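Here's a quick briefing for anyone opening this entry for the first time. Have a look at the structure, then read on.

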Protein chains: 4
Amino acid sequence: MAQNDKDKLIIDAGLSVFCKKGYASTRMADVAREAGVSYGLVYHYFGSKRALFDTIVDTWWNDLYHVLEEQKESQDDIPKKLIAIIQFFLDTYSTRPNLISIFISEVSRSSVYHTTVGLSKFKKFFSLCEDIVKEGQGKGILRSDVKPHYLTYIFLGAVEAFISILVLGKEKLDISKKKLITDGVIQVFLNGAKAK
Amino acid sequence: MAQNDKDKLIIDAGLSVFCKKGYASTRMADVAREAGVSYGLVYHYFGSKRALFDTIVDTWWNDLYHVLEEQKESQDDIPKKLIAIIQFFLDTYSTRPNLISIFISEVSRSSVYHTTVGLSKFKKFFSLCEDIVKEGQGKGILRSDVKPHYLTYIFLGAVEAFISILVLGKEKLDISKKKLITDGVIQVFLNGAKAK
Amino acid sequence: MAQNDKDKLIIDAGLSVFCKKGYASTRMADVAREAGVSYGLVYHYFGSKRALFDTIVDTWWNDLYHVLEEQKESQDDIPKKLIAIIQFFLDTYSTRPNLISIFISEVSRSSVYHTTVGLSKFKKFFSLCEDIVKEGQGKGILRSDVKPHYLTYIFLGAVEAFISILVLGKEKLDISKKKLITDGVIQVFLNGAKAK
Amino acid sequence: MAQNDKDKLIIDAGLSVFCKKGYASTRMADVAREAGVSYGLVYHYFGSKRALFDTIVDTWWNDLYHVLEEQKESQDDIPKKLIAIIQFFLDTYSTRPNLISIFISEVSRSSVYHTTVGLSKFKKFFSLCEDIVKEGQGKGILRSDVKPHYLTYIFLGAVEAFISILVLGKEKLDISKKKLITDGVIQVFLNGAKAK
DNA sequence: AATGAATGAGCTTTCATTCAT
DNA sequence: CATGAATGAAAGCTCATTCAT
């Protein structure tokens, strides 16, 4: 815990600077300064700007995969699984806003388009979600007249849109607001937007 | 009208190159070469890389605003209005795939986040959609136990997710597929994903 | 001849700086300054440090090939052909000392060892010389009890050693000294070092 | 003798890496890794990259001086002395190919080397050879109508060219080939390339 | 003696932009 | 309008060297 957390320092600095300025406008010098270390040390640990960025972003992907696999295996019913996914996003927004901000603004679209690695990570993410949706259709919980990956897009699109808005508006998120959003998304997704 | 369409040429070239490589990786030299004009002429017409990009993207925003305002004013019922919005996105995907690809990958998140201009355009866009949603709630068509802007996010998030996927997969879109998607989104949005 | 000799200027500057400092210690900034042009223009014309260097060195190789091919085809007797080769080296030393200096100190050994291109250029050079030697053996002028490529090495080694010494010692070369060297090399090569 | 041969390890590693990559492209990290020691230890023993290189090269110079001085003093006749020199080069090529490879590619021509320490070493080397040549002229064995240092260049150039070729081609050298080369060089040097 | 994290000056290269023609 | 040679600030990255342990 003592001396050798320089790499952690650098990751934190990267998180902050990438979030503030975006990947393209981030200077390695900024990261080094923010971390309070020398220029070269960033390269000593991470080798390149891209590698530093990927290291940061991978912690996000791994957590995401972990949660989705957990839900896939769990014995909970489908609505609970979907709620768990929404809550994971909201919780990450609360605890690591910079990380999710980077995901939304730098990863979720651009990188996917222009890098093969990005694309494959996304596909794995979608695929895990789709498995849950399929399970729901198989159990007769979710409607089967819409293709499972259509349902998946709709669900994830809605969740991601919410997170984007939170990020864009830098909104504070307390427990009651979290519940409001979770309920709103899950309600509309399951029962529809139509008044009853 | 005949002789001087160099600016159109440049816009088309920009559309193509920005789409293929992304804003950051696009070189003005690429654009000029693709347009078959010289370096300097791009500057003569557009002044800067950013300005060229914005000019391109603005045609999208304007069309989008136009459709939304049209729908806002129209006498159609709410479902029809929502369908029109979905169809506008799908139609643009068919007719100007490069444009919508740029919107998805370069505008909808990143630029909004890191430029003030982007943010205000987005707010206007959301606001126009929200007006339609509010109208739906006012008329008792859409549920009122969920905040109007929550409903808006869910709807737009779902639509955007679809378009993203189309773009990513470079999917062909014929009339029947268009109908399938439109129906899927509108059905799930209005009546929910739950099996009946 | 008027305005657009910038590339010539840069080549001359490169010749001078590479010669003075060696490839590794040459800074592109030095070349640009020496040429009186901007930093970027060097890249505009040559693309990279290596490319600039190769362009410079290639003029040497091409001249060398040219002379050797000329001699190969010529109707002169073998001693005259060998003398022509020696004189070409000595003349180049007089007229373009920087060029031959670069050849000796940067190309003739190091680059050959560490680049495939360098190696193949050398092989072509050797091969052209060997053809002349073989012709001499075929005509009964040169001894045949020593392998042709051995004879070639000995001849070229002697010539190159002379040039190296001139370069390293920055010696002045007048006509009489040129003759002295040419005679010495050709005499010893043909008739041997042994006193008669 | 047993425990502390780290400096030997480093020299061997340097020998190998300098040979493989050349001085400029050699990284101290490569040397340390190859030697299986740490970064800092190389500096502990040798102080700098240049110093390490010079230390390595000096073992070559010292052996070379030693042989030349031995031959200078010896009572053998001139041809035997010259043969001994040729054989020293060929033997070193057999026993320590990396060392001679470095000499050929990094020392014998490099202008950089000559500006710093190398020039005086080279002069001593030439001077020792020249003494033998002068002795040969004095005894009426070698022709006196060519300046002694010209004869020396021719002889050494021929030898060096051979070694270069061996190094370049990574040729195997057995006893019979050694004899062939030695005889070829000495024959041509003493009696000339002309057919009798 | 031995380590390797840490430094930072200095390098090559890129590319949006300018401007003389 | 049109060109493209020319600019140069600024970036990412390298690597010999230092030094606390």
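Buried area is the accessible area, taken with a 1.4 Å probe, that two parts lose on being put together, summed over both. With that in hand, chain B and chain A bury about 4400 Å² between them. Keep in mind that this is a predicted model. The notes below start with that pair of chains and then move on to DNA strand F.

**How chains A and B meet**

- Carbon and sulfur atoms give 67% of the area buried between chain B and chain A.
- Three residues, R109(B), Y113(B) and R143(B), supply 18% of what chain B buries against chain A, and that's more than any other three residues.
- Chain B brings 50 residues to the contact, and chain A brings 50 residues too.
- The copies meet through the same surface, because 100% of the interface residues of chain B are also interface residues in chain A.

**The symmetry behind it**

- To lay chain B on chain A, you turn it by 179° and shift it 0.1 Å along the axis, which gives an RMSD of 0.1 Å.
- That's the relation of a two-fold axis.
- Looking for a landmark? G192(B) is the residue of chain B that comes closest to the rotation axis, with its C-alpha at 1.7 Å.

**A residue to zoom in on: E160(B)**

- You'll find E160(B) in helix α8 of chain B, which covers residues 148–169.
- E160(B) has 12% relative accessibility, so it counts as buried, the cut-off being under 20%.
- Leaving out residues up to four places away in sequence, E160(B) touches I104(B), S108(B) and R109(B), plus R109(A) from the other chain.

**Around DNA strand F**

- There are 30 residues around DNA strand F, and those that come nearest are Y39(A), Y45(C), R27(D), Y39(D) and Y43(D).
- Helix α3 (39–46) turns up in chains A, B, C and D, each time supplying at least two residues of the surface near the strand.
- Among these helices, α3(C) gives the most to that surface, with five residues.
- Sorted by class, the surface has 14 nonpolar, ten polar and six charged residues.
- On the DNA side, 67% of the strand F atoms within 4 Å of the protein belong to sugar or phosphate, and the rest belong to bases.

**Polar contacts to the phosphates of strand F**

- An N or O atom in the side chain of Y45(C) is 2.6 Å from a phosphate oxygen.
- Chain D uses its backbone here: a polar backbone atom of K49(D) is 3.0 Å from a phosphate oxygen, and one of T26(D) is 3.3 Å from a phosphate oxygen.

Notes. Residues are numbered from 1 along each chain as its sequence is written. Chains are lettered from A and ligands numbered from 1 in the order in which they are written. This is a predicted model: local features need pLDDT of at least 70, side-chain atom pairs count only at pLDDT 80 or more; totals for chains, interfaces and linings use all residues. Side-chain values use heavy atoms; hydrogens and water are left out. A residue is near a molecule or strand if one of its heavy atoms lies within 4 Å of it. A polar contact is a pair of N or O atoms within 3.5 Å; within protein, one must be able to donate a hydrogen and the other to accept it, and residues adjacent in sequence count only if both atoms are side-chain atoms. Helices (H or I, at least four residues) and strands (E, at least two) are DSSP runs, numbered from the N terminus. Ala, Val, Leu, Ile, Met, Phe, Trp, Tyr, Cys and Pro count as nonpolar, Asp, Glu, Lys and Arg as charged, and the others, Gly among them, as polar. Copies are superposed by least squares on the C-alpha atoms of residues with pLDDT of at least 70 in both. Contact means heavy atoms within 4.5 Å. Buried means under 20% relative accessible area, exposed over 50%, partly exposed in between (1.4 Å probe, protein chains only).
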